[in-house]
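Please open the model in your viewer with the sequence panel beside it, and keep a cartoon view ready for the overall fold and a stick view ready for single side chains. The tour below moves from one selection to the next.

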Amino acid sequence: MSYTTEQNKAIVSRFNHECIEQGLATSFEELLAGDVVNHSAPAGRPNGKESFSAFLNGVLRKGFPDCKVEILEQVAEGDFVTTRKKITGTHTGEIMGIAPTNRFVEIQVIDMIRLEDGKYKEHWGQTDFLKSFELYNAGSQTSLSCPRSSIPCLPA
């Protein structure tokens, strides 16, 4: 089945709201191809389906359980959808060894998704996750000092 660019954009929007904001396991299953590749996964770490849930549920939603996604722009061509968005939330859970600060954080993200048969097939992403978190964590005795290879990236 062939999908229109508008349908593809709707699939990516759905992923953002159901998977990132709500962490719905059924949506992960419905929206990720079995052989999806996360090109933004850290070197040496899994880059398949499990990488999406591991970061979104094990890091992002754990640290920011009230996270919200605001899609700022989407551009689609063929099977590709690029999304510029911001993710906001309050740091009320431990994240990468840092105790909750109860500070509000805003993370800027740009993702590119290739869809196949209405499912995520490939993902590339750029985010200011660590920069934003360190900025909002300024003044804390703990700091994030992660080598580039361990920086996670958010799927769109």
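Throughout this tour, a residue is called buried when its relative accessible area is under 20%, exposed when that value is over 50%, and partly exposed when the value falls in between. With this wording, Glu106, at 26% relative accessibility, counts as partly exposed. Please keep in mind that the model on your screen is predicted.

**The sheet**

Begin in cartoon view by selecting the strands, of which 5 form an open sheet with mixed pairing, in the order 1-5-4-3-2. At the edges you will find strand 1 (32–38) and strand 2 (68–77), each of which pairs on one side only. If you look along the sheet, neighbouring strands are turned by 25 degrees against each other on average, direction ignored.

Next, select residues 5–21, which make up helix 1; this helix packs on the sheet and touches strand 1, strand 2, strand 3, strand 4 and strand 5 (119–127), while its direction makes about 155 degrees with that of strand 2. Then add residues 49–63, helix 3, which lies across strand 1, strand 3, strand 4 and strand 5 and runs at about 75 degrees to strand 1.

**From strand 2 through strand 3 to strand 4**

Now hide the helices and follow the pairing of strand 2 with strand 3, which is antiparallel and extends over 9 bridges. One pair to pick out is Gln74 with its bridge partner Thr83 in strand 3. The hairpin of these two strands has 2 residues between them, and Gly78 there takes a positive phi near 60 degrees.

Moving one strand over, 11 bridges join strand 3 (residues 80–90) to strand 4 (residues 104–116), and the two run antiparallel. Select Phe80 and you will find that its bridge partner in strand 4 is Arg114. Across these two strands there is also a side-chain pair, since Glu106 and Lys86 meet in a salt bridge at 3.7 Å, N to O. This pair links distant parts of the chain, with Glu106 in strand 4 and Lys86 in strand 3, 20 residues apart. Lys86, like its partner, is partly exposed, at a relative accessible area of 21%.

**Two loops with unusual backbone angles**

Most residues other than glycine have a negative phi. Which residue in the loop between strand 3 and strand 4 should you select with this in mind? Choose Asn102, which has a positive phi of about 60 degrees although it is not a glycine, and which counts as exposed at 57% relative accessibility. Then go to Asp117 in the loop between strand 4 and strand 5, where phi is again positive, near 55 degrees, in a residue other than glycine; Asp117 counts as exposed at 53% relative accessibility.

**Surface and charges**

Switch to a surface view and colour Phe80, Met112 and Trp124, which form a nonpolar patch with about 240 Å² of accessible area together. Met112 lies in strand 4 and is partly exposed, with a relative accessible area of 34%.

Return to sticks for the salt bridges, of which the model holds 12. In helix 1, Lys9 forms one with Glu6, the closest N and O atoms being 3.3 Å apart; because the two residues are 3 apart in that helix, they are separated by about one helical turn. Another joins Arg114 and Glu116 at 3.6 Å, N to O, where Arg114 is buried at 19% and Glu116 partly exposed at 35% relative accessibility. Extend the selection to Asp35, Lys121 and Glu122, since salt bridges that share partners join these residues with Arg114 and Glu116 into one network.

**Two last stops on the helices**

Is Leu31, in helix 2 (residues 25–31), buried or exposed? At 3% relative accessibility, Leu31 counts as buried, and its contacts include Ile11, Phe15, Cys19 and Tyr120. Leu31 and Tyr120 are 89 residues apart in sequence and 6.1 Å apart in space, C-alpha to C-alpha.

Finish at Asn57 in helix 3, which counts as partly exposed at 28% relative accessibility. Leaving aside residues up to four places away in sequence, Asn57 touches Gly23, Phe28 and Lys62.

Methods:
Residues numbered from 1 in each chain as written. Predicted model: local features only at pLDDT ≥ 70, side-chain atom pairs only at ≥ 80, totals over all residues. Heavy atoms only, no water. Pairing = 2+ DSSP bridges. Helix = DSSP H or I, 4+ residues; strand = E, 2+ residues; numbered from the N terminus. Axes fitted to C-alpha atoms, helices over the stretch in contact; angles between N-to-C directions. Contact = heavy atoms within 4.5 Å. Patch = residues over 30% accessible without salt bridge, like charges linked within 9 Å, V, L, I, M, F, W, Y side chains within 5 Å. Areas by Shrake-Rupley, 256 points an atom, 1.4 Å probe, with all protein chains shown as cover. Salt bridge = Lys/Arg side-chain N within 4 Å of Asp/Glu carboxyl O. Buried < 20%, exposed > 50% of the residue type's maximum accessible area, 1.4 Å probe, protein only.
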